[in-house]
Amino acid sequence: MTTKPLTGKIALVAGATRGAGRQIAVQLGAAGATVYATGRSSRAGRSELDRPETIEETAELVTAAGGTGIAVRVDHLVPDEVRDLVARIDAEQGRLDVLVNDIWGADPLVTWEKPVWEQPLDAGFRTLRLAVDTHIVTSHFALPLLIRRPGGLVVEIGDGTREYNETHYRLSVFYDLAKTCVNRLAFTQAHELEPHGGTAVALTPGWIRSEAMLEHFGVTEATWRDGAAKDPHFLISETPAYVGRAVAALAADPDRARWNGRSVSSGELARVYGFTDLDGSRPDGFRYIVEVVEGGKQADAADYR
């Protein structure tokens, strides 16, 4: 059995600069894919997030992992830029097998635990533009290329499964709407892709140790367990590689259509496909949140890894 089941496959990871998007690109590369890594932060200039990670770094990591990484600076709110991106993929590859919509970049805009009448409207609507409009624009231009061949996969990356978000207030009207919409986008695209032999899935990581999250807790990936001093539940957290491996497992599954229209978590897919996080564990973040954090079950985070 080949260790690189995605050799010859072409993927577009939209929003691949850092966090989940970066490691989704890397893990697709590790499985042999050619990955177009897009975002606004490049060595030529940063986005308004003003963080140091760049799409060029991501592409280099993809190549180092065993794939082919191609960095393209794209603002996914600008239709012409997305149109040109897809035209380039078509010209260079003639196909697209995997589209991952991971665009976000709105963390600094979210006002938490304030009612809608106390929310700043400009920041709120900008959040929706970044979280929802970008995904729609990207799918609008990319899906005609993806459906040329049966078997294409679209993965919408959000926060919270559909089941979880339907019964939980996500602490901000705009954040709540953004993450609910992403799940619904996967559901609607599943219906539109099915006649063409395509699959769309909504996927959420658990508590992800992104670059920003590690900084927030004042730890590194090597010392991440020290973050439990700030919040003991941090011990259920997972690396971005975990959700990356989830996407790679979906893309390599010839029976991926069984997930069409579903909303799943990295922990759920790990139980099905058998992949692990980088430390060899299988954290199930949302099950831990529901049963322990919210349900009051007496259990250790280690019981859910």
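In which hand does helix 1 pass helix 2? The crossing is right-handed. I will start with that pair and then go through the rest of the structure. Please keep in mind that this is a predicted model.

Helix 1 covers residues 19–30 and helix 2 covers residues 55–65. They pack at an angle of about 25°, and their axes are 7 Å apart. Angles under 35 degrees count as roughly parallel, so helix 1 and helix 2 are roughly parallel to each other. On the helix 1 side, the residues in contact are R22, A25, V26, G29 and A30. On the helix 2 side, they are E57, T58, L61, V62 and A65. Sorted by class, this contact of helix 1 with helix 2 has six nonpolar, two polar and two charged residues.

The next pair is helix 4 and helix 6. Helix 4 runs over residues 121–146, and helix 6 over 173–193. Here the packing angle is about 15°, with the axes 10 Å apart. Helix 4 and helix 6 are therefore roughly parallel to each other, and their crossing is right-handed. From helix 4, the contact takes in L121, G124, F125, L128, A131, V132, H135, I136, S139, L143 and L146. From helix 6, it takes in F174, L177, A178, C181, V182, L185, Q189 and L193. The classes here are 15 nonpolar, four polar and no charged residues.

The third pair is helix 8 and helix 9, residues 240–252 and 266–273. How far apart are their axes, and at what angle do they pack? The axes are 9 Å apart and the angle is about 50°. That makes helix 8 and helix 9 oblique to each other. Helix 8 passes helix 9 in a left-handed crossing. Y242, V243, A246, A249 and L250 of helix 8 meet S266, G267, L269, A270 and Y273 of helix 9. By class, the residues of this contact are eight nonpolar, two polar and no charged.

Now the cores. The largest nonpolar core has 35 residues. Which of them touch the most other members? They are I24, L28, V100 and L203. Several elements each supply at least two residues of this core, among them strand 1 at 10–14, helix 1, strand 2 at 34–39 and strand 4 at 98–101. Strand 5 at 153–157, strand 6 at 199–204, helix 8 and helix 9 each do so too. Helix 8 gives the most to this core, with eight residues.

L203 can be looked at on its own. Setting aside residues up to four places away in sequence, L203 touches V155, E156, I157 and G158. The list for L203 also includes V243, A246, V247, V264, S265, S266 and L269. There is also a second, separate core of 22 residues, which includes I70, V74, I89 and L145.

W259 comes next. W259 sits in the loop between helix 8 and strand 7, the latter at 263–265. Is W259 buried or exposed? W259 is buried, with a relative accessible area of 5%, and the cut-off for buried is under 20%. Leaving out neighbours within four places in sequence, W259 is in contact with T199, A200, V201, L250, D253, V264, E268, L269, V272 and Y273. W259 and I236 are 23 residues apart in sequence, and their C-alpha atoms are 25 Å apart in space.

Two backbone points follow. Most residues other than glycine have a negative phi. D50 is not a glycine, yet D50 has a positive phi of about 55°. D50 lies in the loop between strand 2 and helix 2. L171 also has a positive phi, near 70°. L171 is found in the loop between helix 5, at 162–166, and helix 6. At 36% relative accessibility, L171 counts as partly exposed.

The last residue is G280, in the loop between helix 9 and helix 10, the latter at 285–293. G280 is partly exposed, with a relative accessible area of 48%. G280 and R305 are 25 residues apart in sequence and 9.1 Å apart in space, taken C-alpha to C-alpha.

How values were computed: Residues are numbered from 1 along each chain as its sequence is written. This is a predicted model: local features need pLDDT of at least 70, side-chain atom pairs count only at pLDDT 80 or more; totals for chains, interfaces and linings use all residues. Side-chain values use heavy atoms; hydrogens and water are left out. Axes are lines fitted to C-alpha atoms, for helices over the stretch in contact, and angles run from 0 to 180 degrees between N-to-C directions. Helices (H or I, at least four residues) and strands (E, at least two) are DSSP runs, numbered from the N terminus. Angles under 35 degrees count as roughly parallel, over 145 as roughly antiparallel, 65 to 115 as roughly perpendicular and the rest as oblique. A crossing is left-handed if the near helix is turned anticlockwise from the far one by less than a right angle, and right-handed if clockwise. Contact means heavy atoms within 4.5 Å. Ala, Val, Leu, Ile, Met, Phe, Trp, Tyr, Cys and Pro count as nonpolar, Asp, Glu, Lys and Arg as charged, and the others, Gly among them, as polar. A nonpolar core is a set of buried Ala, Val, Leu, Ile, Met, Phe, Trp, Tyr and Cys residues joined through side-chain atoms within 4.5 Å. Buried means under 20% relative accessible area, exposed over 50%, partly exposed in between (1.4 Å probe, protein chains only).
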